[in-house]
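Reader: Hey, can you walk me through this one? I'm new to reading structures.
Author: Sure, let's bring it up and go piece by piece.

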Protein chains: 2
Amino acid sequence: MPLHELPAYPRPSSRLAVVAAPPMCSSCSLKGLCLPAGLEAGAMKRLGELISCRRRIRRGDSLFTAGAPFRSIYAIRSGSLKSCVYSEDGQEQITGFPMAGELVGLDGIAHGQHVINAVALEDTEVCVIGFSMLEEIAGQVPQLQRQLHRLMSREIVGDRQFMMVLGTMRADQRVAAFLLNLSRRFESRGYSAAEFHLRMTRREIGNYLGIELETVSRTLSRLDDAGCIAVDAKLVRILDRSALVGLLAEPAR
Amino acid sequence: MPLHELPAYPRPSSRLAVVAAPPMCSSCSLKGLCLPAGLEAGAMKRLGELISCRRRIRRGDSLFTAGAPFRSIYAIRSGSLKSCVYSEDGQEQITGFPMAGELVGLDGIAHGQHVINAVALEDTEVCVIGFSMLEEIAGQVPQLQRQLHRLMSREIVGDRQFMMVLGTMRADQRVAAFLLNLSRRFESRGYSAAEFHLRMTRREIGNYLGIELETVSRTLSRLDDAGCIAVDAKLVRILDRSALVGLLAEPAR
DNA sequence: CGCTCTCTTGAACAGAATCAAGAACGGTGG
DNA sequence: CCACCGTTCTTGATTCTGTTCAAGAGAGCG
(Lines give C-alpha, C1' and ligand atoms only; values in the text may rest on other atoms or scores of the structure.)
Protein backbone atom coordinates (compact mmCIF):
# COMPACT_ATOMS: atom_id res chain seq x y z
CA MET A 1 0.00 0.00 0.00
CA PRO A 2 1.49 3.33 -1.00
CA LEU A 3 2.52 5.67 1.75
CA HIS A 4 0.14 8.47 0.93
CA GLU A 5 -2.87 6.22 1.59
CA LEU A 6 -1.69 5.23 5.03
CA PRO A 7 -3.26 7.10 7.90
CA ALA A 8 -0.08 8.15 9.66
CA TYR A 9 -1.70 7.96 13.07
CA PRO A 10 -5.27 7.47 14.24
CA ARG A 11 -6.91 10.85 14.68
CA PRO A 12 -8.17 11.67 18.18
CA SER A 13 -11.87 12.35 18.01
CA SER A 14 -11.65 15.66 19.85
CA ARG A 15 -11.87 18.74 17.68
CA LEU A 16 -9.81 20.88 20.01
CA ALA A 17 -6.54 22.17 18.69
CA VAL A 18 -4.82 21.31 21.95
CA VAL A 19 -5.18 17.73 23.03
CA ALA A 20 -4.91 17.14 26.75
CA ALA A 21 -4.44 13.37 26.69
CA PRO A 22 -1.04 12.36 28.13
CA PRO A 23 1.03 11.10 25.20
CA MET A 24 3.33 8.57 26.94
CA CYS A 25 6.69 8.44 25.24
CA SER A 26 7.20 4.84 26.31
CA SER A 27 4.39 3.65 24.09
CA CYS A 28 5.12 5.98 21.18
CA SER A 29 6.26 4.28 18.00
CA LEU A 30 8.68 7.13 17.39
CA LYS A 31 10.57 6.80 20.65
CA GLY A 32 13.59 5.38 18.85
CA LEU A 33 14.02 8.54 16.75
CA CYS A 34 12.86 11.25 19.09
CA LEU A 35 13.94 12.76 22.38
CA PRO A 36 13.44 9.52 24.36
CA ALA A 37 15.87 7.59 22.15
CA GLY A 38 18.24 5.56 24.26
CA LEU A 39 16.67 6.53 27.56
CA GLU A 40 16.12 3.89 30.22
CA ALA A 41 12.66 3.46 31.78
CA GLY A 42 13.19 5.86 34.67
CA ALA A 43 14.47 8.66 32.50
CA MET A 44 11.69 8.09 30.01
CA LYS A 45 9.14 8.45 32.77
CA ARG A 46 10.61 11.82 33.82
CA LEU A 47 10.48 12.93 30.21
CA GLY A 48 6.83 11.90 29.99
CA GLU A 49 6.04 14.15 32.96
CA LEU A 50 7.00 17.28 31.14
CA ILE A 51 5.14 16.73 27.91
CA SER A 52 2.20 18.89 28.84
CA CYS A 53 -0.01 18.37 25.85
CA ARG A 54 -0.26 17.72 22.17
CA ARG A 55 -1.22 20.20 19.55
CA ARG A 56 -2.70 19.73 16.12
CA ILE A 57 -1.90 22.06 13.26
CA ARG A 58 -3.93 22.09 10.08
CA ARG A 59 -2.24 22.08 6.70
CA GLY A 60 -1.01 25.59 5.94
CA ASP A 61 -1.18 26.80 9.54
CA SER A 62 1.86 27.77 11.57
CA LEU A 63 3.15 25.93 14.60
CA PHE A 64 5.13 29.04 15.46
CA THR A 65 6.31 32.11 13.62
CA ALA A 66 9.43 34.26 13.80
CA GLY A 67 9.18 36.75 16.63
CA ALA A 68 6.91 34.62 18.78
CA PRO A 69 8.14 34.17 22.37
CA PHE A 70 9.98 30.91 22.91
CA ARG A 71 8.63 28.62 25.59
CA SER A 72 8.49 25.15 24.13
CA ILE A 73 10.08 22.87 21.64
CA TYR A 74 7.96 20.43 19.70
CA ALA A 75 8.34 16.78 18.82
CA ILE A 76 6.49 15.89 15.65
CA ARG A 77 4.14 12.96 16.22
CA SER A 78 2.67 12.79 12.76
CA GLY A 79 2.63 14.87 9.63
CA SER A 80 5.35 17.17 8.34
CA LEU A 81 6.35 20.81 8.31
CA LYS A 82 8.42 23.27 6.43
CA SER A 83 10.69 25.50 8.45
CA CYS A 84 11.63 28.76 6.83
CA VAL A 85 13.14 32.17 7.41
CA TYR A 86 12.14 35.43 5.78
CA SER A 87 14.35 38.37 4.83
CA GLU A 88 13.21 41.92 5.61
CA ASP A 89 11.76 42.23 2.13
CA GLY A 90 9.66 39.13 2.67
CA GLN A 91 11.74 36.71 0.65
CA GLU A 92 11.24 33.16 1.87
CA GLN A 93 13.98 30.61 2.36
CA ILE A 94 12.93 27.13 3.35
CA THR A 95 15.56 25.61 5.62
CA GLY A 96 14.14 22.16 6.08
CA PHE A 97 11.20 19.80 5.95
CA PRO A 98 11.00 18.26 9.43
CA MET A 99 8.93 15.12 9.76
CA ALA A 100 7.62 12.73 12.43
CA GLY A 101 10.12 11.97 15.18
CA GLU A 102 12.05 15.19 14.68
CA LEU A 103 12.31 18.15 17.03
CA VAL A 104 11.47 21.70 15.97
CA GLY A 105 11.72 25.02 17.75
CA LEU A 106 15.33 24.74 18.92
CA ASP A 107 16.04 28.02 17.13
CA GLY A 108 14.16 29.89 19.85
CA ILE A 109 16.62 29.14 22.63
CA ALA A 110 19.21 31.59 21.34
CA HIS A 111 17.28 34.80 21.85
CA GLY A 112 14.18 33.76 23.75
CA GLN A 113 12.02 34.10 20.70
CA HIS A 114 11.63 32.15 17.53
CA VAL A 115 13.60 33.18 14.49
CA ILE A 116 12.25 30.51 12.22
CA ASN A 117 8.72 29.85 11.03
CA ALA A 118 7.23 26.36 11.08
CA VAL A 119 4.29 25.73 8.76
CA ALA A 120 2.39 22.45 8.44
CA LEU A 121 2.60 20.83 5.00
CA GLU A 122 -0.27 18.55 5.98
CA ASP A 123 -2.37 18.13 9.10
CA THR A 124 0.22 17.58 11.77
CA GLU A 125 0.35 16.68 15.44
CA VAL A 126 3.14 17.60 17.82
CA CYS A 127 4.03 16.99 21.46
CA VAL A 128 4.58 20.26 23.29
CA ILE A 129 7.65 20.20 25.52
CA GLY A 130 8.08 23.13 27.86
CA PHE A 131 11.71 24.11 27.56
CA SER A 132 12.53 25.49 30.98
CA MET A 133 11.07 22.34 32.51
CA LEU A 134 13.04 20.25 30.04
CA GLU A 135 16.24 22.02 31.04
CA GLU A 136 15.43 21.48 34.69
CA ILE A 137 14.85 17.76 34.29
CA ALA A 138 17.82 17.45 31.95
CA GLY A 139 19.91 18.83 34.80
CA GLN A 140 18.77 15.91 36.95
CA VAL A 141 18.80 13.19 34.30
CA PRO A 142 22.17 13.13 32.54
CA GLN A 143 20.88 10.69 29.92
CA LEU A 144 18.21 13.15 28.91
CA GLN A 145 20.64 16.04 28.90
CA ARG A 146 22.97 14.11 26.68
CA GLN A 147 20.19 13.19 24.29
CA LEU A 148 19.06 16.81 24.04
CA HIS A 149 22.60 17.85 23.21
CA ARG A 150 22.89 15.06 20.69
CA LEU A 151 19.77 16.20 18.89
CA MET A 152 20.90 19.82 18.84
CA SER A 153 24.28 18.75 17.54
CA ARG A 154 22.62 16.60 14.89
CA GLU A 155 20.77 19.68 13.75
CA ILE A 156 24.06 21.52 13.34
CA VAL A 157 25.68 18.63 11.50
CA GLY A 158 22.71 18.27 9.18
CA ASP A 159 22.75 21.96 8.35
CA ARG A 160 26.46 21.86 7.62
CA GLN A 161 26.13 18.89 5.35
CA PHE A 162 23.31 20.57 3.53
CA MET A 163 25.60 23.51 2.83
CA MET A 164 27.60 21.10 0.69
CA VAL A 165 24.49 20.61 -1.42
CA LEU A 166 23.88 24.34 -1.80
CA GLY A 167 27.53 25.21 -2.20
CA THR A 168 28.85 22.65 -4.63
CA MET A 169 26.13 20.73 -6.46
CA ARG A 170 24.51 21.12 -9.86
CA ALA A 171 20.74 21.23 -10.09
CA ASP A 172 20.33 17.54 -10.92
CA GLN A 173 22.62 16.56 -8.05
CA ARG A 174 20.65 18.72 -5.65
CA VAL A 175 17.41 17.03 -6.64
CA ALA A 176 19.00 13.57 -6.40
CA ALA A 177 20.40 14.39 -2.95
CA PHE A 178 16.98 15.63 -1.88
CA LEU A 179 15.22 12.47 -3.02
CA LEU A 180 17.80 10.21 -1.40
CA ASN A 181 17.50 12.17 1.84
CA LEU A 182 13.72 11.82 1.88
CA SER A 183 14.02 8.14 1.02
CA ARG A 184 16.37 7.49 3.91
CA ARG A 185 14.19 9.36 6.36
CA PHE A 186 11.02 7.59 5.29
CA GLU A 187 12.82 4.30 5.59
CA SER A 188 13.98 4.97 9.14
CA ARG A 189 10.34 5.64 10.03
CA GLY A 190 9.27 2.26 8.75
CA TYR A 191 7.96 3.39 5.38
CA SER A 192 9.13 2.41 1.95
CA ALA A 193 12.47 3.83 0.87
CA ALA A 194 11.55 3.27 -2.76
CA GLU A 195 8.16 4.91 -3.02
CA PHE A 196 6.89 7.99 -1.26
CA HIS A 197 4.68 10.97 -1.51
CA LEU A 198 6.08 14.49 -1.72
CA ARG A 199 4.25 16.70 0.72
CA MET A 200 5.70 19.93 -0.66
CA THR A 201 5.24 21.72 -3.98
CA ARG A 202 7.86 22.02 -6.71
CA ARG A 203 8.19 25.64 -5.74
CA GLU A 204 9.02 24.67 -2.16
CA ILE A 205 11.52 22.05 -3.28
CA GLY A 206 13.17 24.60 -5.54
CA ASN A 207 13.25 27.22 -2.84
CA TYR A 208 14.84 24.74 -0.43
CA LEU A 209 17.42 23.59 -2.97
CA GLY A 210 18.28 27.05 -4.26
CA ILE A 211 16.94 26.46 -7.78
CA GLU A 212 13.79 27.49 -9.65
CA LEU A 213 10.66 25.41 -9.68
CA GLU A 214 10.94 24.94 -13.45
CA THR A 215 14.37 23.45 -12.95
CA VAL A 216 13.00 21.04 -10.34
CA SER A 217 10.25 19.99 -12.73
CA ARG A 218 12.63 19.56 -15.65
CA THR A 219 15.11 17.63 -13.55
CA LEU A 220 12.45 15.25 -12.28
CA SER A 221 11.28 14.71 -15.85
CA ARG A 222 14.83 14.04 -16.98
CA LEU A 223 15.49 11.57 -14.17
CA ASP A 224 12.21 9.92 -15.08
CA ASP A 225 13.20 9.70 -18.76
CA ALA A 226 16.54 8.23 -17.72
CA GLY A 227 14.73 5.53 -15.78
CA CYS A 228 16.21 6.53 -12.42
CA ILE A 229 12.84 7.37 -10.93
CA ALA A 230 9.16 7.30 -11.81
CA VAL A 231 7.31 10.50 -11.10
CA ASP A 232 3.56 10.75 -11.05
CA ALA A 233 2.71 14.21 -9.75
CA LYS A 234 3.63 14.02 -6.04
CA LEU A 235 4.28 10.30 -6.00
CA VAL A 236 7.91 9.34 -6.49
CA ARG A 237 9.29 5.86 -7.01
CA ILE A 238 13.00 5.32 -6.92
CA LEU A 239 13.86 2.77 -9.60
CA ASP A 240 17.64 3.02 -9.75
CA ARG A 241 19.02 4.17 -6.46
CA SER A 242 22.64 3.60 -7.44
CA ALA A 243 22.23 5.88 -10.46
CA LEU A 244 21.15 8.65 -8.11
CA VAL A 245 24.05 7.95 -5.79
CA GLY A 246 26.34 7.92 -8.81
CA LEU A 247 25.08 11.33 -9.81
CA LEU A 248 26.25 12.72 -6.46
CA ALA A 249 29.70 11.26 -6.97
CA GLU A 250 30.14 13.10 -10.27
CA PRO A 251 32.72 15.91 -10.35
CA ALA A 252 29.98 18.43 -9.54
CA ARG A 253 29.57 21.89 -10.84
CA MET B 1 46.04 51.47 13.61
CA PRO B 2 44.74 48.94 11.10
CA LEU B 3 43.49 45.69 12.47
CA HIS B 4 46.01 43.46 10.78
CA GLU B 5 48.86 45.14 12.65
CA LEU B 6 47.32 44.60 16.05
CA PRO B 7 48.63 41.64 17.97
CA ALA B 8 45.34 39.98 18.83
CA TYR B 9 46.61 38.75 22.17
CA PRO B 10 50.02 38.66 23.79
CA ARG B 11 51.71 35.42 22.92
CA PRO B 12 52.72 33.19 25.82
CA SER B 13 56.43 32.67 25.77
CA SER B 14 56.24 28.90 26.00
CA ARG B 15 56.81 27.02 22.76
CA LEU B 16 54.67 24.06 23.81
CA ALA B 17 51.58 23.38 21.74
CA VAL B 18 49.56 22.76 24.88
CA VAL B 19 49.71 25.56 27.38
CA ALA B 20 49.08 24.53 30.94
CA ALA B 21 48.50 27.98 32.43
CA PRO B 22 44.96 28.33 33.81
CA PRO B 23 43.14 30.73 31.50
CA MET B 24 40.62 32.31 33.92
CA CYS B 25 37.43 33.21 32.12
CA SER B 26 36.74 36.03 34.53
CA SER B 27 39.72 37.99 33.29
CA CYS B 28 39.32 37.11 29.63
CA SER B 29 38.41 39.98 27.37
CA LEU B 30 36.12 37.70 25.40
CA LYS B 31 33.95 36.66 28.30
CA GLY B 32 31.08 38.75 26.97
CA LEU B 33 30.94 36.76 23.72
CA CYS B 34 31.95 33.30 24.82
CA LEU B 35 30.61 30.58 27.08
CA PRO B 36 30.84 32.69 30.25
CA ALA B 37 28.58 35.40 28.83
CA GLY B 38 25.98 36.41 31.38
CA LEU B 39 27.29 34.14 34.11
CA GLU B 40 27.52 35.42 37.65
CA ALA B 41 30.79 35.09 39.56
CA GLY B 42 30.03 31.71 41.13
CA ALA B 43 29.04 30.09 37.87
CA MET B 44 32.03 31.61 36.13
CA LYS B 45 34.32 30.07 38.71
CA ARG B 46 32.85 26.60 38.12
CA LEU B 47 33.33 27.11 34.40
CA GLY B 48 36.94 28.07 34.95
CA GLU B 49 37.52 24.77 36.78
CA LEU B 50 36.80 22.70 33.74
CA ILE B 51 38.92 24.53 31.22
CA SER B 52 41.80 22.14 31.45
CA CYS B 53 44.28 23.81 29.15
CA ARG B 54 44.84 25.95 26.12
CA ARG B 55 46.12 24.76 22.81
CA ARG B 56 47.88 26.61 20.06
CA ILE B 57 47.42 25.69 16.41
CA ARG B 58 49.73 26.95 13.73
CA ARG B 59 48.36 28.40 10.53
CA GLY B 60 47.30 25.54 8.26
CA ASP B 61 47.17 22.93 11.03
CA SER B 62 43.98 21.26 12.18
CA LEU B 63 42.36 21.68 15.56
CA PHE B 64 40.38 18.52 14.86
CA THR B 65 39.44 16.51 11.81
CA ALA B 66 36.38 14.54 10.79
CA GLY B 67 36.42 11.09 12.33
CA ALA B 68 38.43 12.09 15.39
CA PRO B 69 36.85 11.03 18.69
CA PHE B 70 34.90 13.80 20.35
CA ARG B 71 35.93 14.73 23.85
CA SER B 72 36.14 18.50 23.99
CA ILE B 73 34.73 21.63 22.55
CA TYR B 74 36.96 24.63 22.00
CA ALA B 75 36.58 28.32 22.68
CA ILE B 76 38.69 30.41 20.36
CA ARG B 77 40.88 32.80 22.31
CA SER B 78 42.67 34.38 19.40
CA GLY B 79 43.06 33.81 15.71
CA SER B 80 40.55 32.29 13.34
CA LEU B 81 39.64 29.00 11.72
CA LYS B 82 37.81 27.58 8.79
CA SER B 83 35.42 24.74 9.48
CA CYS B 84 34.70 22.46 6.57
CA VAL B 85 33.21 19.16 5.55
CA TYR B 86 34.45 16.86 2.81
CA SER B 87 32.41 14.62 0.53
CA GLU B 88 33.54 11.04 -0.14
CA ASP B 89 35.31 12.18 -3.28
CA GLY B 90 37.29 14.74 -1.32
CA GLN B 91 35.35 17.82 -2.31
CA GLU B 92 35.65 20.53 0.30
CA GLN B 93 32.81 22.69 1.54
CA ILE B 94 33.69 25.42 3.98
CA THR B 95 30.83 25.91 6.43
CA GLY B 96 32.12 28.83 8.41
CA PHE B 97 35.01 30.99 9.53
CA PRO B 98 34.85 30.94 13.34
CA MET B 99 36.79 33.63 15.15
CA ALA B 100 37.77 34.65 18.67
CA GLY B 101 35.02 34.24 21.24
CA GLU B 102 33.23 31.54 19.26
CA LEU B 103 32.83 27.88 20.13
CA VAL B 104 33.85 25.09 17.77
CA GLY B 105 33.51 21.33 17.99
CA LEU B 106 29.81 21.15 18.83
CA ASP B 107 29.34 18.93 15.78
CA GLY B 108 31.00 16.07 17.64
CA ILE B 109 28.27 15.63 20.23
CA ALA B 110 25.85 14.00 17.81
CA HIS B 111 27.82 10.83 17.12
CA GLY B 112 30.70 10.93 19.54
CA GLN B 113 33.14 11.85 16.84
CA HIS B 114 33.79 14.94 14.82
CA VAL B 115 32.12 15.31 11.46
CA ILE B 116 33.62 18.66 10.66
CA ASN B 117 37.23 19.70 10.18
CA ALA B 118 38.64 22.81 11.81
CA VAL B 119 41.76 24.31 10.25
CA ALA B 120 43.59 27.39 11.50
CA LEU B 121 43.67 30.31 9.05
CA GLU B 122 46.37 31.93 11.15
CA ASP B 123 48.17 30.98 14.33
CA THR B 124 45.33 30.41 16.74
CA GLU B 125 44.84 29.71 20.41
CA VAL B 126 41.86 27.91 21.93
CA CYS B 127 40.63 26.96 25.38
CA VAL B 128 40.00 23.23 25.63
CA ILE B 129 36.74 22.40 27.39
CA GLY B 130 36.16 18.76 28.26
CA PHE B 131 32.61 18.07 27.23
CA SER B 132 31.49 15.40 29.68
CA MET B 133 32.72 17.60 32.49
CA LEU B 134 30.95 20.57 30.95
CA GLU B 135 27.71 18.60 30.83
CA GLU B 136 28.18 17.55 34.44
CA ILE B 137 28.70 21.09 35.68
CA ALA B 138 25.96 22.41 33.41
CA GLY B 139 23.62 19.99 35.21
CA GLN B 140 24.50 21.73 38.47
CA VAL B 141 24.67 25.30 37.22
CA PRO B 142 21.47 26.18 35.33
CA GLN B 143 22.94 29.45 34.10
CA LEU B 144 25.75 27.58 32.42
CA GLN B 145 23.39 25.00 30.98
CA ARG B 146 21.23 27.73 29.56
CA GLN B 147 24.21 29.50 28.04
CA LEU B 148 25.45 26.30 26.42
CA HIS B 149 22.02 25.76 24.90
CA ARG B 150 21.90 29.36 23.75
CA LEU B 151 25.19 29.00 21.94
CA MET B 152 24.16 25.76 20.27
CA SER B 153 20.89 27.35 19.24
CA ARG B 154 22.74 30.36 17.90
CA GLU B 155 24.76 28.01 15.74
CA ILE B 156 21.55 26.57 14.30
CA VAL B 157 20.05 29.99 13.70
CA GLY B 158 23.21 31.23 12.02
CA ASP B 159 23.32 28.21 9.73
CA ARG B 160 19.70 28.68 8.77
CA GLN B 161 20.18 32.32 7.98
CA PHE B 162 23.20 31.50 5.89
CA MET B 163 21.03 29.16 3.84
CA MET B 164 19.21 32.28 2.71
CA VAL B 165 22.49 33.53 1.28
CA LEU B 166 23.21 30.28 -0.54
CA GLY B 167 19.64 29.73 -1.62
CA THR B 168 18.50 33.09 -2.89
CA MET B 169 21.32 35.53 -3.51
CA ARG B 170 23.25 36.58 -6.58
CA ALA B 171 27.03 36.50 -6.49
CA ASP B 172 27.43 40.20 -5.66
CA GLN B 173 24.86 39.94 -2.87
CA ARG B 174 26.65 36.95 -1.40
CA VAL B 175 29.92 38.85 -1.30
CA ALA B 176 28.23 41.91 0.21
CA ALA B 177 26.54 39.76 2.86
CA PHE B 178 29.87 38.14 3.63
CA LEU B 179 31.65 41.46 4.09
CA LEU B 180 28.87 42.87 6.25
CA ASN B 181 28.91 39.75 8.40
CA LEU B 182 32.66 39.99 8.93
CA SER B 183 32.35 43.69 9.65
CA ARG B 184 29.73 43.12 12.32
CA ARG B 185 31.71 40.36 13.96
CA PHE B 186 34.92 42.37 14.04
CA GLU B 187 33.02 45.28 15.51
CA SER B 188 31.54 43.19 18.32
CA ARG B 189 35.09 42.17 19.18
CA GLY B 190 36.19 45.75 19.54
CA TYR B 191 37.84 46.11 16.16
CA SER B 192 36.97 48.45 13.34
CA ALA B 193 33.79 47.64 11.46
CA ALA B 194 35.01 49.65 8.49
CA GLU B 195 38.46 48.24 7.90
CA PHE B 196 39.64 44.69 8.34
CA HIS B 197 41.94 42.05 7.08
CA LEU B 198 40.66 38.96 5.30
CA ARG B 199 42.30 35.90 6.75
CA MET B 200 41.09 33.56 4.03
CA THR B 201 41.90 33.30 0.32
CA ARG B 202 39.55 34.21 -2.51
CA ARG B 203 39.23 30.51 -3.18
CA GLU B 204 38.05 29.90 0.38
CA ILE B 205 35.59 32.78 0.23
CA GLY B 206 34.20 31.43 -3.03
CA ASN B 207 33.94 27.93 -1.68
CA TYR B 208 32.09 29.21 1.38
CA LEU B 209 29.73 31.35 -0.68
CA GLY B 210 29.07 28.76 -3.35
CA ILE B 211 30.71 30.73 -6.17
CA GLU B 212 34.03 30.52 -8.01
CA LEU B 213 37.12 32.38 -6.88
CA GLU B 214 37.18 34.37 -10.14
CA THR B 215 33.68 35.58 -9.37
CA VAL B 216 34.75 36.66 -5.90
CA SER B 217 37.68 38.57 -7.36
CA ARG B 218 35.56 40.21 -10.05
CA THR B 219 32.85 41.14 -7.56
CA LEU B 220 35.33 42.74 -5.19
CA SER B 221 36.81 44.70 -8.08
CA ARG B 222 33.36 45.84 -9.16
CA LEU B 223 32.38 46.92 -5.64
CA ASP B 224 35.68 48.75 -5.48
CA ASP B 225 35.04 50.51 -8.82
CA ALA B 226 31.57 51.46 -7.58
CA GLY B 227 33.13 53.08 -4.52
CA CYS B 228 31.38 50.80 -2.03
CA ILE B 229 34.62 49.35 -0.72
CA ALA B 230 38.34 49.73 -1.14
CA VAL B 231 40.20 46.48 -1.64
CA ASP B 232 43.94 46.20 -1.33
CA ALA B 233 44.74 42.50 -1.51
CA LYS B 234 43.49 41.14 1.82
CA LEU B 235 42.75 44.52 3.35
CA VAL B 236 39.16 45.65 2.96
CA ARG B 237 37.74 49.06 3.78
CA ILE B 238 34.01 49.57 3.75
CA LEU B 239 33.35 53.01 2.29
CA ASP B 240 29.61 52.90 1.71
CA ARG B 241 27.96 50.50 4.07
CA SER B 242 24.43 51.47 3.07
CA ALA B 243 25.20 50.65 -0.57
CA LEU B 244 26.12 47.13 0.51
CA VAL B 245 23.00 46.83 2.62
CA GLY B 246 21.01 48.15 -0.33
CA LEU B 247 22.44 45.41 -2.53
CA LEU B 248 20.99 42.80 -0.19
CA ALA B 249 17.56 44.40 -0.39
CA GLU B 250 17.51 44.10 -4.18
CA PRO B 251 15.04 41.59 -5.67
CA ALA B 252 17.77 38.93 -5.73
CA ARG B 253 18.32 36.26 -8.26
C1' DC C 1 -18.53 23.68 -12.85
C1' DG C 2 -15.38 27.14 -12.94
C1' DC C 3 -11.62 29.14 -10.60
C1' DT C 4 -7.04 29.10 -8.91
C1' DC C 5 -2.92 27.01 -7.99
C1' DT C 6 0.42 23.73 -9.57
C1' DC C 7 3.03 21.52 -12.90
C1' DT C 8 5.21 20.79 -17.42
C1' DT C 9 7.52 22.16 -21.43
C1' DG C 10 9.58 25.36 -24.87
C1' DA C 11 12.47 29.40 -26.32
C1' DA C 12 15.42 33.19 -25.35
C1' DC C 13 18.50 35.26 -22.25
C1' DA C 14 21.83 36.14 -18.57
C1' DG C 15 24.78 35.30 -14.83
C1' DA C 16 28.31 32.69 -13.43
C1' DA C 17 31.57 28.89 -14.67
C1' DT C 18 35.38 27.60 -17.25
C1' DC C 19 39.55 28.26 -19.69
C1' DA C 20 43.54 31.01 -20.19
C1' DA C 21 47.27 34.20 -19.36
C1' DG C 22 49.77 37.30 -16.93
C1' DA C 23 50.62 40.14 -12.62
C1' DA C 24 51.36 40.42 -7.71
C1' DC C 25 52.67 38.45 -3.53
C1' DG C 26 55.08 35.73 0.03
C1' DG C 27 58.33 32.68 1.40
C1' DT C 28 62.98 30.42 0.59
C1' DG C 29 67.54 30.07 -0.19
C1' DG C 30 71.67 31.65 -2.40
C1' DC D 1 69.61 41.80 -0.46
C1' DC D 2 67.91 39.82 -4.33
C1' DA D 3 66.54 36.06 -7.46
C1' DC D 4 63.48 32.33 -7.73
C1' DC D 5 59.53 29.56 -7.02
C1' DG D 6 54.83 28.47 -6.08
C1' DT D 7 50.63 30.34 -4.77
C1' DT D 8 47.24 33.76 -5.05
C1' DC D 9 44.90 37.17 -7.49
C1' DT D 10 43.13 39.76 -11.46
C1' DT D 11 41.19 40.22 -15.85
C1' DG D 12 39.52 38.77 -20.46
C1' DA D 13 37.05 35.58 -23.76
C1' DT D 14 34.04 31.90 -24.29
C1' DT D 15 30.74 28.47 -22.89
C1' DC D 16 26.98 26.62 -20.53
C1' DT D 17 23.86 25.82 -16.82
C1' DG D 18 19.98 27.53 -15.00
C1' DT D 19 16.78 31.59 -15.04
C1' DT D 20 13.20 34.09 -17.03
C1' DC D 21 9.25 34.58 -19.77
C1' DA D 22 5.40 32.37 -21.76
C1' DA D 23 1.68 29.26 -22.65
C1' DG D 24 -1.01 25.41 -21.94
C1' DA D 25 -2.36 21.17 -19.31
C1' DG D 26 -3.72 19.20 -15.04
C1' DA D 27 -5.32 18.91 -10.23
C1' DG D 28 -7.69 20.45 -6.25
C1' DC D 29 -11.30 23.05 -4.03
C1' DG D 30 -15.25 25.84 -3.06
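Author: Let's start where two chains meet: Arg160(B) and Asp159(A) join their side chains in a salt bridge, 3.0 Å or less aside, at 2.9 Å from N to O. 

Author: To put that plainly, the Arg160(B) to Asp159(A) distance is 2.9 Å, N to O. A salt bridge here is a side-chain nitrogen of Lys or Arg within 4 Å of a carboxyl oxygen of Asp or Glu.
Reader: Is this from an experiment or a prediction?
Author: It's a predicted model, where local features need pLDDT of at least 70 and side-chain atom pairs count only at pLDDT 80 or more, while totals for chains, interfaces and linings use all residues. Residues are numbered from 1 along each chain as its sequence is written, chains are lettered from A and ligands numbered from 1 in the order in which they are written, and side-chain values use heavy atoms, leaving out hydrogens and water.
Reader: ok, how many salt bridges are there across the interface of chain B and chain A?
Author: The rule finds 6 there. It also finds 19 residue pairs in polar contact across that interface, both residues at pLDDT 80 or more. A polar contact is a pair of N or O atoms within 3.5 Å; within protein, one must be able to donate a hydrogen and the other to accept it, and residues adjacent in sequence count only if both atoms are side-chain atoms.
Reader: Which element of chain B gives the most to that side?
Author: That's α3(B), with 20 residues. Helices (H or I, at least four residues) and strands (E, at least two) are DSSP runs, numbered from the N terminus.
Reader: And what kinds of residues sit on chain B's side?
Author: They divide into 20 nonpolar, 14 polar and 11 charged. For that split, Ala, Val, Leu, Ile, Met, Phe, Trp, Tyr, Cys and Pro count as nonpolar, Asp, Glu, Lys and Arg as charged, and the others, Gly among them, as polar.
Reader: How much area is buried between the chains?
Author: About 4,300 Å², with carbon and sulfur atoms giving 58%. Buried area is the accessible area (1.4 Å probe) that two parts lose on being put together, summed over both. In residues, 45 of chain B are in contact with 46 of chain A, contact being heavy atoms within 4.5 Å.
Reader: New topic: how is chain A divided?
Author: Into domain 1 (3-154) and domain 2 (169-249), with bounds from an automatic or database domain assignment. Their C-alpha centres lie 26 Å apart.
Reader: Do tell, what goes on between those two domains, and how many salt bridges are there?
Author: The rule finds 4 salt bridges across that interface. Lys82(A) and Glu204(A) meet in a salt bridge at 3.0 Å, N to O. The area buried between the two domains is about 1,700 Å², and carbon and sulfur atoms give 60% of that.
Reader: What about the secondary structure of chain A?
Author: It comes to 7 helices and 12 strands. The radius of gyration of chain A is 19 Å, close to the 18 Å that the globule rule gives for 253 residues, so chain A is as compact as a globular protein of that length. That radius is taken over C-alpha atoms, and the globule rule is 2.2 Å times the number of residues to the power 0.38.
Reader: Last one: which residue has a positive phi although it is not a glycine?
Author: Ala233(A) does, at about 55°. Ala233(A) lies in the loop between β11 (229-232) and β12 (235-238) of chain A.
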